[in-house]
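Me: I would like to learn how to read the salt bridges and the burial of side chains in a model of this kind. Could you take me through the general idea and then through the case at hand?

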Amino acid sequence: MNDAEWISAALAAARPKAMGALLRYFRDLDTAEEAFQDACLRALKNWPQNGPPRDPAAWLILVGRNSGIDAVRKRSRQAEMPDEDKISDLEDAETDIADRLDGAHYRDDILRLLFVCCHPDLPATQQIALALRIVSGLSVRQIARAFLVSEAAMEQRITRAKARIAAAGIPFETPGPVERAERLASVAAMLYLVFNEGYSAGSGEAEARGALCDEAIRLARLLLRLFQTEPEIMGLTALMLLQHARTPARFDADGEIVLLEDQDRSLWHPKMIDEGLALVDKALRHWKPGPYQVQAAIAALHARARRAEDTDWGEIDLLYGLLERLQPSPVVTLNRAVAVSKVEGPEAALAMVEPLEERLSGYFHFHGLRGGLLMQLGRSEEARIAFDRAIALANTPAEAAHIRRHIDRLASKATAPQAASRR
């Protein structure tokens, strides 16, 4: 690994700790970000010559803090710059900060940084963009490419998010136990939004947006290191790992969707699956079930099945039943209907799906599943209408192409008797 590679890796790993601490010092996102960027520039200059510091995060915090203080003083035309020994004599100060990096207030710094990015005043798109910029350090160009918008539009989105944060006057004191639990839930939801932005990408967007899945998993692992006994964070991390492990098998060579039951399971990432399964088992031993744990347990049953026909659909049905109680939602019921169709047949599943039409009339997957169930029951004309509606609501060309294949099957079934009579 050359200098540029190890420095880049060290800066990325240290960023959440350093940014969290600098945000606490300056109580302003722009100032903290500018201070961190200046510290990074100094690291690029000094580290190749002097070697890596004992703790990169501590070094960046100290240098960034001094740089930020200097910038604030210059802007306010106040006192002279800090003494030279405070800037250049880094070793003892770095050691002191490094000794305190594992303290509770640094955990709160990172949690606060994550929480600021998913403040409830921000719409989901701004939460994700801000987290990717502030916490992950992705460039505006990278984020814009992932969201398929212009750099100018993304810059505006991030600027508006920062302005809302400043206007909200978020307190910077250490959160108490109740508020910490609320913040943790908000952070987990934001990370899953980041993951789904990448996971929902079509095959043509996979390169641009697939990195969002990796970044969400990296941040989830960071959160798990901060809250090592929190089963829902274990469940969230496991869920993302088990889903992302299937990525190489989700699209065929033509970019069309490959359903889970048809995927080549030898293409799944075994290391991701092993890590995810271990986290699921560890989380469930706490006997404090939550939505992420249940979804991870469902993903684990798919991952443990060597072949699609080995899937334990009965257990999946039970888990979706538990998820319906923990997190009632028509989408959860729709997903449970898939398991019911495998266990009890398409008629029982359709009976679950039909009452959801009013609430899910604008949802692609509702019409796709309903059409598939109707097709299995031989109700071809109704199935065709459902599939037409699904195509109109498709989010990606791959989704539309998948539904068109179903319509083609209906057409081939309709012409098959005529062809047979001609023979």
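Reply: Let us begin with accessibility, where a residue counts as exposed when its relative accessible area is over 50%, as buried when that area is under 20%, and as partly exposed in between. In this structure, which is a predicted model, Arg 141 has a relative accessibility of 58% and therefore counts as exposed.

Me: What share of the residues of the chain counts as buried?

Reply: Of the 423 residues of the chain, 49% count as buried, while the surface that the chain exposes comes to about 21,100 Å², with carbon and sulfur atoms supplying 51% of that area.

Me: How many helices and how many strands does the secondary structure of the chain contain?

Reply: The chain has 20 helices and zero strands. Where contacts between residues with a separation of 6 or more are concerned, 63% of them join residues that lie 24 or more positions apart.

Me: Which residue forms a salt bridge with Arg 141?

Reply: The general idea is that a side-chain nitrogen of Lys or Arg has to lie within 4 Å of a carboxyl oxygen of Asp or Glu. In this case the partner of Arg 141 is Glu 151, and the closest N and O atoms are 3.2 Å apart. The pair links distant parts of the chain, with Arg 141 in helix H8 (residues 140-147) and Glu 151 in helix H9 (residues 151-168), 10 residues apart. Glu 151, at 40% relative accessibility, counts as partly exposed, whereas Arg 141 counts as exposed.

Me: Where do Arg 218 and Glu 215 lie, and how many residues apart are they?

Reply: Both belong to helix H11 (residues 206-226), and because they are three residues apart there, about one helical turn separates them. Their salt bridge brings the closest N and O atoms to 2.8 Å.

Me: Is Glu 215 buried or exposed?

Reply: Glu 215 has a relative accessible area of 11%, so this residue is buried, whereas Arg 218, with a relative accessible area of 28%, is partly exposed.

Me: How far apart are the closest N and O atoms in the salt bridge of Glu 382 with Arg 379?

Reply: In that salt bridge the closest N and O atoms are 2.8 Å apart. Glu 382 counts as partly exposed at 32% relative accessibility, and Arg 379 is partly exposed with a relative accessible area of 32%.

Me: Which residues are linked in a network of salt bridges?

Reply: Such a network links Asp 30, Glu 33, Arg 133 and Lys 162, in a structure that holds 17 salt bridges.

Key: Residues are numbered from 1 along each chain as its sequence is written. This is a predicted model: local features need pLDDT of at least 70, side-chain atom pairs count only at pLDDT 80 or more; totals for chains, interfaces and linings use all residues. Side-chain values use heavy atoms; hydrogens and water are left out. Helices (H or I, at least four residues) and strands (E, at least two) are DSSP runs, numbered from the N terminus. Buried means under 20% relative accessible area, exposed over 50%, partly exposed in between (1.4 Å probe, protein chains only). Contact means heavy atoms within 4.5 Å. Accessible areas come from the Shrake-Rupley method with a 1.4 Å probe; for residues, only the protein chains shown count as cover.
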